[in-house]
Amino acid sequence: MPNFSVLKFIDKNLGVSSSVFDTCSSFIPMENLIYLILLISIFPISIQSKVSISISPSTLNKSGDPVQIQWSGVESPSNLDWLGIYSPPNSSHKHFIGYVFLSSSPGWESGSGSVSIPLVNLRSKYSFRIFRWTESEIDDKHHDHDNNPLPGTKHLLASSEELGFSPGRGPEQIHLAFTDQDDEMRVMFVTEDGSERLVRYGEKEEELDQIVAARVARYERKHMCDSPANDSIGWRDPGFIHDAVMTNLQNGSRVYYQVGSESKGWSSIQSFMSRNEDSDETIAFLFGDMGAATPYTTFVRTQDESISTVRWILRDIEALGDKPAFVSHIGDISYARGHSWLWDVFFNQIEPVASKVAYHVCIGNHEYDWPLQPWKPDWASGIYGKDGGGECGVPYSLKFNMPGNSSEPTKANGVPTRNLFYSFNMGSVHFVYISTETNFLKGSRQFSFLERDLESVDRKKTPFVVVQGHRPMYTTSNELRDTPLREKMLHHLEPLFVKNNVTLALWGHVHRYERFCPLKNYTCGSMGVDGEDWEALPVHLVIGMAGQDWQPIWEPRPNHLDVPIFPQPKRSMYRGGEFGYTRLVATKEKLTISYVGNHDGEVHDSVEILASGQVVNGGVGAKFNESVENSRSRNGMLESSFSWYVMGGSILVLGAFIGYIVGFVSHARKSRNNWTPVKTEELQ
């Protein structure tokens, strides 16, 4: 029998009482028993007999369905006890996809509780593990994107059975896009294997008599250019990406479609409105920097407000009825930053919208940037950093397929970066997308494209031109790092915009809304409101307020840099910090773009521009719905009683989206920022 002091030390520090020695020493030599206990203290082996964990159901039908996780028997519960979410189930303890603290469950102090977590199908099973984490084990050097310490995994209390998804459910992550032909629509989706999948479509829901096979592609871990995208923490199998084009679509017709196969299952039947080249009406929903929301905490910050953005846009789409429209997301798409499963979360979140209207994108820093990328001009040494998380544009390039064939080489094992610059017409507007992350200087392929494209616009057919890119040419935020890039944009791109009478220039990156006057070289042009001469100049808008919640401050006063009063320069007509998106409606006579706030779904700012380029109206609370009604009444396409806010689409949205939203909102882990408009005048 060991001496009393040894027993006391083991009892106090390792939790092994002398009674255990009495039992175990009868069949294990005492000397070996002590060594065994000390070994366990160094390399913890969990004893899970007291804590139980169960899940219900054990099989989910589709992405977004919730699983109920229950536990009991947690002794001396702590607010640091946590539940880890793992996929695949054999992932090491540190390679979770997310976690929630047990204290999020009411009554957790009793040692029992439950949480309900909606999950996305990652094409592998899930499992759940409960850990004890103590304050003494907090490691400030091991932290997440927000510098919060990541939970420790030394003390495993319980593990669950595995959770799967039912077979035969059909493909997921369905999203549409225009092609270079007006009578086509592209559809893309993801499956767990590369076997043949089809798209069947037609003008009647009960007669999907047109069939096209989808081509399939995928990327591998070796295609990622660095960590975390190519290491065990960030990498998950992305599945197989299917891509098909529906052709010979009738102008402005409703098309029903379904994707899948007889052997693997079909999706539910979806529908969209095809483009109408005979109509001059244009409707679009535009924003940047949205991301996606997760019902758990993970290695990087996710974007809870993205749910509201999708919800309000879905309301508007449902209210449109049989009118074509599309979505434009100008960079910083999923904010996965090398954590593969966040792409799955993003595509499942946007599917209610992206399966109904074309979803168009341009590349942002969080899709592309990494030191290994080939374009690294000296002036940009502090600009293009590690924001892409080692993805180097690969998921972005394969998960989307935009019009045109633009691409640039990358260091990621020969996989080129695609979807960089392109254009298309929609009604009376010519839309152009550019990349601010790759070479746009005079002499580059992108500059040549932009110059050629802008000069060839038929202004009789499309009197309005809207150019979109990620990093802004103009902003009054205190965004100093991008100053050299903005200078290059002003030098190389602004003359093209002015020369070719670009109507709107839309940018993201800064997570705020800001509208400028008609602008050239930081100087407002006359708008002719008092009868004076005016010049058609581009109106710049920053629209990166769709979800990401990190906000830069506005530019302070030059002589009071430390005083939080941010005067609004004359060129900045409106700016605000509320989450939201913009809605664009145009005919050949007038274009209206409005800023919709997420907290109420109402218009907070709007500007109207005539086909001549003259800005005729702009201000807080301008009536977007009136501009839609007037333009459509003129064409006899919609009765005058139409209203964005009273149509049944608002109710349909809740039915179509309720399961996904309720699950995520009920588990929101961050409180919303209650922003108020910034000061617009310098205080004395």
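1. Cys-517 is buried, with a relative accessible area of 3%. This value, like the others in this note, is computed from a predicted model. The bonding partner of Cys-517 is Cys-524, and the two sulfur atoms are 2.0 Å apart. At 27% relative accessibility, Cys-524 counts as partly exposed. The torsion about the S-S bond of Cys-517 and Cys-524 is about -90°, so this disulfide is left-handed.

2. How many disulfides does the count come to? The count comes to 2 disulfides. Besides the bond just described, a disulfide joins Cys-225 to Cys-392, with an S to S distance of 1.8 Å. Cys-225 sits in the loop between β14 (215-217) and β15 (240-246), while Cys-392 sits in the loop between α6 (365-368) and α7 (394-399), so the bond ties together parts that are 167 residues apart in sequence. Cys-225 and Cys-392 are both buried. The torsion about their S-S bond is about 60°, so the disulfide is right-handed. With bonded cysteines counted along the chain, the pattern is 1-2, 3-4.

3. One further cysteine can be noted here. Cys-362 is buried, and its relative accessible area is 0%.

4. Two peptide bonds need a look. Most residues other than glycine have a negative phi, and most peptide bonds are trans. The bond from Ser-87 to Pro-88 is cis, with omega near 0°. Pro-88 is found in the loop between β4 (82-86) and β5 (98-101). Ser-227 and Pro-228 are also joined by a cis peptide bond, with omega about 5°. Pro-228 lies in the loop between β14 and β15, and Cys-225 of the right-handed disulfide is in that loop as well.

5. Where does the backbone show a positive phi in a residue other than glycine? One of these residues is Ser-76, with phi near 45°. Ser-76 is found in the loop between β3 (66-72) and β4. It is exposed, with a relative accessible area of 64%. Asn-248 also has a positive phi, near 55°. Asn-248 lies in the loop between β15 and β16 (254-261), and it is exposed at a relative accessible area of 61%.

6. On salt bridges, the count comes to 27. Side chains of opposite charge can pair when their charged atoms come close. Lys-62 and Asp-65 meet in a salt bridge, at 3.0 Å from N to O. Lys-62 is partly exposed, with a relative accessible area of 47%, whereas Asp-65 counts as buried at 14% relative accessibility.

7. Which parts of the chain does the salt bridge between Arg-275 and Asp-182 tie together? The closest N and O atoms of this pair are 3.5 Å apart. Arg-275 lies in the loop between β18 (270-273) and β19 (282-287) and Asp-182 in the loop between β10 (172-177) and β11 (185-191), so the bridge ties together parts that are 93 residues apart in sequence. Arg-275 counts as buried at 5% relative accessibility, and Asp-182 is partly exposed at a relative accessible area of 27%.

8. The side chains of Glu-408 and Arg-445 also meet in a salt bridge, with an N to O distance of 3.3 Å. This pair links distant parts of the chain, 37 residues apart: Glu-408 is in strand β22 (residues 407-408) and Arg-445 is in helix α8 (residues 445-455). Glu-408 is buried, with a relative accessible area of 18%. Arg-445 counts as partly exposed at 47% relative accessibility.

9. Salt bridges also form a network. It links Glu-192, Asp-193, Arg-197 and Lys-264.

10. Which residues form a negative surface patch? They are Glu-205, Glu-206, Glu-207 and Asp-209. Among them, Glu-205 lies in the loop between β12 (198-202) and β13 (210-213). Glu-205 is partly exposed, with a relative accessible area of 43%.

11. Is Glu-608 buried or exposed? At 14% relative accessibility, Glu-608 counts as buried, the cut-off being under 20%. Glu-608 lies in strand β34 (residues 603-610). Measuring from C-alpha to C-alpha, Glu-608 and Ser-594 are 8.9 Å apart in space, and they are 14 residues apart in sequence.

Terms used
Residues numbered from 1 in each chain as written. Predicted model: local features only at pLDDT ≥ 70, side-chain atom pairs only at ≥ 80, totals over all residues. Heavy atoms only, no water. Disulfide = S-S within 2.5 Å. Helix = DSSP H or I, 4+ residues; strand = E, 2+ residues; numbered from the N terminus. Buried < 20%, exposed > 50% of the residue type's maximum accessible area, 1.4 Å probe, protein only. Patch = residues over 30% accessible without salt bridge, like charges linked within 9 Å, V, L, I, M, F, W, Y side chains within 5 Å. Areas by Shrake-Rupley, 256 points an atom, 1.4 Å probe, with all protein chains shown as cover. Salt bridge = Lys/Arg side-chain N within 4 Å of Asp/Glu carboxyl O. Lys, Arg positive; Asp, Glu negative; His and termini not counted. Charge placed at Lys NZ, Arg CZ, Asp CG, Glu CD.
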